[in-house]
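Open the model in your viewer and keep the selection tool at hand. The stops below say what to select and what is there.

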Amino acid sequence: MKQIIAGILLTVFFQSATARDIVIATVFDGPLAREIVSESLIQQEIRDLVGDEFQVSFPQEWKLNGGWSVNGINQQLRNALSSETVDIVITMGVVASHLAAHVDELNKPVIAPSIVDVQLQQIPYDRNSSGKKNFVYIRHVGSISDDLKRFHDLVQFKHLGVLADELPVRAIPNLTKTVDRASKDFGFSISMVTGRDDVDNLADNLPNDVDAVFIAPLLRVDDSDIQKLANDLIAKKLPSFSFFGQQELRLGMMATVAGRASDQVVLARRIATNVYRILLGAPAENLNVDFYESDRISINMQTARAIGVSPRWVDLEDAELLYDDMVTGARVLTLAEAMARAIEANVDFQASQVNIDISGDDIGIARSSLLPQINANSSYQTVDKDRASPQSFAENSGDVGVQASQTIYSDDQWANYTISKYLKSSTSLETKITLLDTLQSAATAYLNVLRTVALEQVQKSNVELTRDNLELAKARVQIGDTSRADVLRWKSQIARDRQSLLAAEADRLVAETELYRVLHISTADPIATSDESTSEVFRELNREESRDLYDNPLAWEKFIAFQTEIAVENAPEIERFDYLIKAQDRQITADRRAYYVPDVSLTSSLTENIERSGAGSDLSGTGIHDDQWSIGVQATLPIFTGGQLRSQLSKSQNLHRQLVLQKGAETERVETRMRSALFNAAASHSSIRLAEDAAAAAKENLELVTDSYSEGAVSITDLIDAQDAALAAQLQAAAARYQFLIDLVDVLRAESNFDLLLQEDGIKIWQQRVKATMQ
């Protein structure tokens with residue numbers, strides 16, 4: 001009998017609902033500075049869902065607020081419930097939802113989306129529904145105690161300050177009991193500070209020994225004041241946890257587990273679904289109240305760094321990190337700036353420059369043998385007086401002297417001098433080779449950082465997608481559309497995806513380490529890369545002016561021939577052999593002249609006696625003088641050396657022949673390197689478009705399969721396969737552009753010219769030069 005009466009009543013309600021406009025009243029706790037869920041979003045979701053089936057309106061006169069008082073909220077509830085005009089009431093405030101749940105009898109459907117904690121608020125709950133006539137609410141699975149525990153696990157504080165609006169604390173007495181119970185359960189003390197809209201007063205009333213702060217929803221306070229509060233807490237080095245959600249995280253709070261934009265949309269759709277089902281005749285008391293939000297913690301890493309908090313690895317693994325890629329005080333370097341920095345600071349290049357100085361020293365050493373050589377000497381001796389005589393040695397004597405020599409001509413010494421100058425020129429070219437290698441290493445390292453960052457972002461997005469699919473599987477399990485096996489399969493998948501993310505992160509760190517090494521920068525002086533600088537290069541090379549140079553087979557062949565010719569002309573590796581061959585030519589000449597050109601030198605010496613004493617020191621009457629001098633010219637020509645001259649000449653000729661062959665081999669290597677680099681660049685350039693097409697197709701396929709999975713039309717295996725295919729395609733697309741630029745760097749290295757990247761108009765100058773030469 002009761003079922004028949006209920007059916008008649010529902011039919012009457014349904015018929016009356018379709019006969020006129022449906023008026024929905026909203027009851028707020030008071031004038032809001034911020035909304036937990038956007039009222040306009042809720043209204044739009046309701047209108048989109050009911051369509052033309054019902055005429056739903058939200059009159060301004062039925063947008064009620066209780067003036068931030070319990071009595072005022074109760075009065076507005078009574079007004080909405082007693083009105084014959086209002087069909088459905090939505091309580092948008094925390095206190096309004098709480099008070100509606102405790103109204104003895106509700107004469108019309110009431111939807112309460114702002115229930116904080118079912119247990120502490122003593123909200124009716126009966127097997128996933130309220131069981132209370134005309135009452136449906138949204139039970140956010142989880143509790144304040146859960147949030148406090150998550151915050152404590154993250155920060156390990158000892159004294160927690162809680163900042164809360166005074167109205168919910170007064171209206172829901174059990175809130176303070178829950179706080180006290182959490183304090184005992186978790187082993188930390190809690191001090192609650194309540195207020196209205198004065199954030200300065202709230203912060204100032206915190207006890208001095210508080211080492212962390214939990215911020216309850218402060219809906220009377222606007223974003224600017226929340227940001228000011230966050231800055232104050234940062235200045236005090238206090239970790240903060242927002243119950244409100246990610247909006248406050250972006251304003252400077254440190255952590256939260258709520259308030260994601262996607263969750264807000266889902267919540268608005270849940271409210272709209274409840275409205276629609278009620279309009280279709282479903283009893284509100286039988287509607288599902290459970291609402292599962294992601295319990296994944298979000299951390300503002302910029303705030304964490306500012307207050308000196310470093311979360312544990314286990315917390316970072318599963319956290320959503322905001323501003324994780326922002327390095328405090330990091331200098332942003334463009335690609336050209338990084339290459340210029342490498343020239344200034346790279347240790348390998350600096351070491352190679354020292355070789356030029358060493359070669360200069362070798363020239364000085366060789367030149368010195370052609371200049372006068374002057375030596376001074378002194379001696380003192382004592383001999384047995386029995387042996388002493390004026391004709392030989394005095395018993396005690398001391399002499400000083402000077403010797404001078406000058407090479408009049410020595411072909412070997414002149415050859416050594418000339419060869420050392422050739423070798424210095426060769427060394428300068430070796431340094432140029434190191435310079436080019438350094439520029440290539442810097443550019444490649446820079447691009448590798450950008451590439452690994454892009455790949456890491458793809459892996460992050462894939463992990464987030466897997467999380468979304470895990471939540472989708474949980475939702476399907478709740479409605480009985482699939483088994484728990486899908487949830488477990490997604491948990492396994494997310495573990496594997498996180499492993500891939502960790503590997504991508506390691507690749508990025510390795511790439512950054514290599515860039516720091518090449519640029520000779522300490523990790524204590526962080527730098528940041530700029531993708532815009534490389535994007536400009538890519539855009540310029542994709543312009544029609546550039547593509548015309550190689551856009552057809554004939555032009556491509558000409559372009560290859562031109563680039564190969566330029567590579568051979570510019571290559572210091574080849575030019576270096578020219579100087580080595582010249583040096584060897586001079587050595588051969590010297591070896592030939594050794595048969596018939598003598599070494600001629602002038603020598604002279606002067607010795608003065610400064611002391612004679614003892615036996616034999618008296619030179620009177622002997623005609624012997626103390627001082628001696630000599631001067632002479634010496635010519636030396638080898639007559640017989642046992643075949644050394646012949647072998648030396650043969651060796652020099654063989655070395656010359658070897659150098660000529662090595663130059664030829666190096667020329668071939670330069671040509672091959674240029675052709676290979678061009679082929680790789682052409683392939684990677686074409687791969688960009690193909691990879692992007694593949695990624696777009698795989699993404700569209702994934703969206704279709706995801707929709708089918710949500711409707712139960714395909715299995716979890718089909719969705720995982722589609723996601724894996726999309727991931728592989730996205731990784732290829734993300735890497736393709738950077739691989740082309742790395743191949744372009746190889747082309748520039750083969751050309752021995754990096755002006756295209758280093759000069760401001762390098763690409764235009766290159767285009768003009770190529771066009772002028774190829775025409």
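Start with helix 21 and helix 23, which are oblique to each other because their angle falls outside the ranges for roughly parallel (under 35 degrees), roughly antiparallel (over 145) and roughly perpendicular (65 to 115). Helices (H or I, at least four residues) and strands (E, at least two) are DSSP runs, numbered from the N terminus. This is a predicted model, in which local features need pLDDT of at least 70, side-chain atom pairs count only at pLDDT 80 or more, and totals for chains, interfaces and linings use all residues. Residues are numbered from 1 along each chain as its sequence is written, and side-chain values use heavy atoms, with hydrogens and water left out.

Select residues 553-570 for helix 21 and 644-710 for helix 23: their axes come within 9 Å and cross at roughly 140 degrees. Axes are lines fitted to C-alpha atoms, for helices over the stretch in contact, and angles run from 0 to 180 degrees between N-to-C directions. To see the contact (heavy atoms within 4.5 Å), show side chains including Trp556, Phe559 and Ile560 of helix 21 and Met674, Leu678 and Phe679 of helix 23. By class, this contact of helix 21 with helix 23 has 10 nonpolar, three polar and two charged residues. Here Ala, Val, Leu, Ile, Met, Phe, Trp, Tyr, Cys and Pro count as nonpolar, Asp, Glu, Lys and Arg as charged, and the others, Gly among them, as polar.

Next, add helix 24, residues 716-751. The axes of helix 23 and helix 24 come within 6 Å and cross at roughly 160 degrees, which makes helix 23 roughly antiparallel to helix 24. The contact of these two helices has 24 nonpolar, 10 polar and eight charged residues.

Keep helix 24 and bring back helix 21. This pair packs at an angle of about 50 degrees, with axes 7 Å apart, so helix 21 is oblique to helix 24. Select Gln563, Ile566, Ala567 and Asn570 of helix 21 with Val747, Ala750 and Glu751 of helix 24 to show the contact.

How many cavities of 30 Å³ or more does the structure hold? There are three; the largest has a volume of about 320 Å³. Of the 21 residues that line this largest cavity, select the closest to its centre: Ala164, Pro168, Leu175, Ala216 and Pro217. Then colour helix 6 (144-155), strand 7 (159-165), helix 7 (166-171) and helix 8 (174-186), the elements that give two or more residues to the lining. A cavity is a set of points on a 1 Å grid over the protein atoms alone where a 1.4 Å probe fits but cannot get out, and lining residues have an atom within 4 Å of a point.

Terms used: 1 Å grid on protein atoms, 1.4 Å probe; cavity = no way out; pocket = protein on both sides within 12 Å on 5 of 7 lines; lining within 4 Å. Points joined across faces, edges and corners; volume = space filled by probe spheres on them.
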